[in-house]
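I opened the notebook today to look at how strands, helices and aromatic rings come together in one chain. Here is what I looked up, entry by entry.

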Amino acid sequence: MEVCYKLNMNDLVTFQKDTVNTLPYFLKRKRLLGLFVAIIYLVGVSFLIKNYWIYKMIAAAFVYLISSQYIFKYGLIMETKRLVQNNPNYLDPYYKLTIYDDKFIREFDGTVQQIDWKSINYVNEDDKRFFIYVSEIKRLVIKKVPDSLNQEQILEYNNKIRKCLNDAGITIKKV
């Protein structure tokens, strides 16, 4: 089966959000940033307020949660948007995806990626996309609704991807 699709900014931003919540590298970086910000907060508040340690610790825990969950992710999303604004050709190519039972081939801008289904480590999905992680460096987005397919063909296409992933022993996590 062969399909074509094009990625947009929303696809890239959603993929970045999923990457931050999936890959161990980013999970560790989120925690370290949260810890760093909480310690800076605790030291700064300790100079201003001498007592009330329990309140300071509760506030530091809150700062940790906010900074590790939202600030790190927001920073990476802003970086992605900046990169795309500076290089608008990131959104130009059409992706041609050819699906076989043992592998798939993705072609764009003169680049050909051949990936065996069994080499995939993680797969997450939302309503519009599959997020495929071969490694922490090699990761990609496959749209669930490619261009120029009718409803029956879209259903067949998504079922084919699910079947290939299931045959390779990969669990798809809904995000």
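**Entry 1: the sheet**

I began with strand 6 and strand 7, which pair in the antiparallel sense over 5 bridges. My ground rules: this is a predicted model, where local features need pLDDT of at least 70 and side-chain atom pairs count only at pLDDT 80 or more, while totals for chains, interfaces and linings use all residues. Residues are numbered from 1 along each chain as its sequence is written, and side-chain values use heavy atoms, with hydrogens and water left out.

For pairing, I asked that DSSP find at least two bridges between two strands. Helices (H or I, at least four residues) and strands (E, at least two) are DSSP runs, numbered from the N terminus.

I then followed the sheet outward: 4 strands form an open sheet with mixed pairing, in the order 7-6-5-8. Strand 7 (139–143) and strand 8 (172–174) stand at the edges with a single partner strand each, so one side of each has no neighbour in the sheet. From one strand to the next, the twist averages 25°. I also noted one bridge: Ile 132 has Leu 140 in strand 7 as its partner.

**Entry 2: the helix across it**

Which strands does helix 1 lie across? I found strand 5 (122–125), strand 6 and strand 7, with helix 1 running at about 45° to strand 6. Axes here are lines fitted to C-alpha atoms, for helices over the stretch in contact (heavy atoms within 4.5 Å), and angles run from 0 to 180 degrees between N-to-C directions.

**Entry 3: aromatic rings**

My search of the whole structure gave 9 aromatic pairs. Rings of Phe, Tyr and Trp (its six-membered ring) pair if their centres lie within 6.5 Å; planes under 30 degrees apart are stacked, over 60 edge-to-face, and the rest tilted.

Phe 15 and Phe 131 have ring centres 5.6 Å apart and planes at 15°, so I logged the pair as stacked. Phe 15 lies in helix 1 (residues 9–22) and Phe 131 in strand 6 (residues 129–133), so the pair ties together parts 116 residues apart in sequence. Are these two buried or exposed? Phe 15 is buried at 9% relative accessible area, and Phe 131 is buried at 0%; buried means under 20%, exposed over 50%, partly exposed in between (1.4 Å probe, protein chains only).

Next I checked Phe 26 and Phe 72: their ring centres are 6.4 Å apart and their planes at 50°, so this pair is tilted. Both Phe 26 and Phe 72 are buried.
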